[in-house]
Amino acid sequence: MIRSSSVLPARRSDVSFQTSDGLRLVGELALPLSGAPVATLLWCHPLPTAGGYMDSHVIRKAANRLPAMANIAVLRFNFRGVSSPRGLSEGSFGEGEQEGLDLDAALRFLDGEGLSSPWLVGWSFGTEVILKHALDSGYPFSGALLLSPPLHRASDADLARWVGRPEPVVALVPEHDDFLQPAEASRRFATIPHARVIAAEGAKHLFVGEKYTHLALSEIVAQVAPEALPLPTEWPEDELEG
């Protein structure tokens, strides 16, 4: 059985890149063992002041599993001022504003790696950074996948900027979310006619538990690589790295 600590095969490398205001950010790029990935995910993590970082569990599990399960590349990184076992990203918390420069730097890094037009995947605070700043970047992206969007920092005016855009916008909203539940999310996201709100039945804001991690990862893969579904729940033990 695949467990919380399971690490499936991938080519993993520690990476760093610089923002336009001169800060060095740290992260990890996980690639399939061979061949080109069918899609790339660029993850934006939850609120740093509430403990969010590149190892927040759904993000870590996406990096540990999806290169092998779905032939997907995963870039995860620490926003400015955030520390993890990978290291410390320079700078200090930017209240969701300066983090737009971090997102732009990550997009620039992927473009330089030949992984242009990634899917932007945000979780909680990370969704706000995407909604507020992704459209200001000069780098293309394939769409926005939003887990537990609180729509706290992102205003209706921010949402309105997405009207008429070609990129899909998909929000996965936990049934029992602490900040924004599916009915209200549907009302708020109605500002963007092409946005989709998917209710995550039984889930809470943090998607705690293997059942809800599997649900979140499955919904992400359904958008970017549906041919890889259903995601396996078991993996040969002799291939596991952890």
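**Exercise 1. Proline 230 in the predicted model**

Work out whether proline 230 counts as buried or exposed, and place it in the chain.

*Solution.* Start with the number: proline 230 has 71% relative accessibility. The cut-off for exposed is over 50%, so proline 230 counts as exposed. Keep in mind that this is a predicted model. Next, the location: proline 230 sits in the segment after α6. Finally, look for a contact back along the chain: its C-alpha atom is 7.3 Å from that of serine 218, although the two are 12 residues apart in sequence.

**Exercise 2. Strand β4 and its neighbours**

Find out how many residues of strand β4 (residues 72-77) are buried, and check both of its faces.

*Solution.* Count first: six of the six residues are buried, so β4 is largely enclosed by the rest of the structure. Then split the strand by face. Ile72, Val74 and Arg76 are on one side, Ala73, Leu75 and Phe77 are on the other, and all of them are buried.

Now zoom in on phenylalanine 77, which belongs to β4. Its relative accessible area is 1%, and buried means under 20%, so phenylalanine 77 is buried. Its C-alpha atom lies 8.2 Å from that of alanine 106, 29 residues away along the chain.

Which strands pair with β4, and in which sense?

*Solution.* Take the two partners in turn. Strand β2 (residues 24-31) pairs with β4 in the antiparallel sense, over four bridges; here glycine 27 stands opposite phenylalanine 77. Strand β3 (residues 39-44) pairs with β4 in the parallel sense, also over four bridges, and leucine 42 has leucine 75 as its bridge partner. To get from β3 to β4 the chain passes through helix α1 (residues 57-70), and this β-α-β crossover is right-handed.

**Exercise 3. Checking helix α1**

Compare the expected span of α1 with the distance between its end C-alpha atoms, then look for a bend.

*Solution.* At 1.5 Å a residue, the 14 residues of α1 should span 20 Å; the end C-alpha atoms are 18 Å apart, which agrees. For the bend, go to asparagine 64: α1 bends there by about 35 degrees, and proline 67 follows within four residues.

Burial comes next. In α1, 12 of the 14 residues are buried, leaving the helix mostly covered. Among the buried ones are His57, Lys61, Asn64, Arg65 and Pro67. After the helix comes asparagine 71, with a positive phi near 60 degrees.

**Exercise 4. The same check on helix α2**

Do the span calculation for helix α2 (residues 99-112), then decide how enclosed it is.

*Solution.* At 1.5 Å a residue, the 14 residues should span 20 Å, and the end C-alpha atoms of α2 are 20 Å apart, which agrees. On burial, 10 of the 14 residues of α2 are buried, so this helix is largely enclosed by the rest of the structure. The buried set includes Glu99, Asp102, Asp104, Ala106 and Phe109.

**Exercise 5. Hunting for cavities**

How many cavities of 30 Å³ or more does the whole structure hold, and which residues line the largest cavity?

*Solution.* The search turns up one cavity of 30 Å³ or more. The largest cavity has a volume of about 50 Å³. Its lining is made up of Leu145, Leu146, Leu147, Val170, Leu172, Ile198, Glu219, Ile220 and Gln223. Last step, assign the lining to elements: β8 (143-147), β9 (169-174) and α6 (210-224) each supply at least two residues.

Definitions and conventions:
Residues numbered from 1 in each chain as written. Predicted model: local features only at pLDDT ≥ 70, side-chain atom pairs only at ≥ 80, totals over all residues. Heavy atoms only, no water. Buried < 20%, exposed > 50% of the residue type's maximum accessible area, 1.4 Å probe, protein only. Pairing = 2+ DSSP bridges. Right-handed = clockwise from strand over helix to strand, strands pointing away. Expected span 1.5 Å × (residues − 1). Bend = angle between axes of the 7 residues up to and from the residue. 1 Å grid on protein atoms, 1.4 Å probe; cavity = no way out; pocket = protein on both sides within 12 Å on 5 of 7 lines; lining within 4 Å. Points joined across faces, edges and corners; volume = space filled by probe spheres on them.
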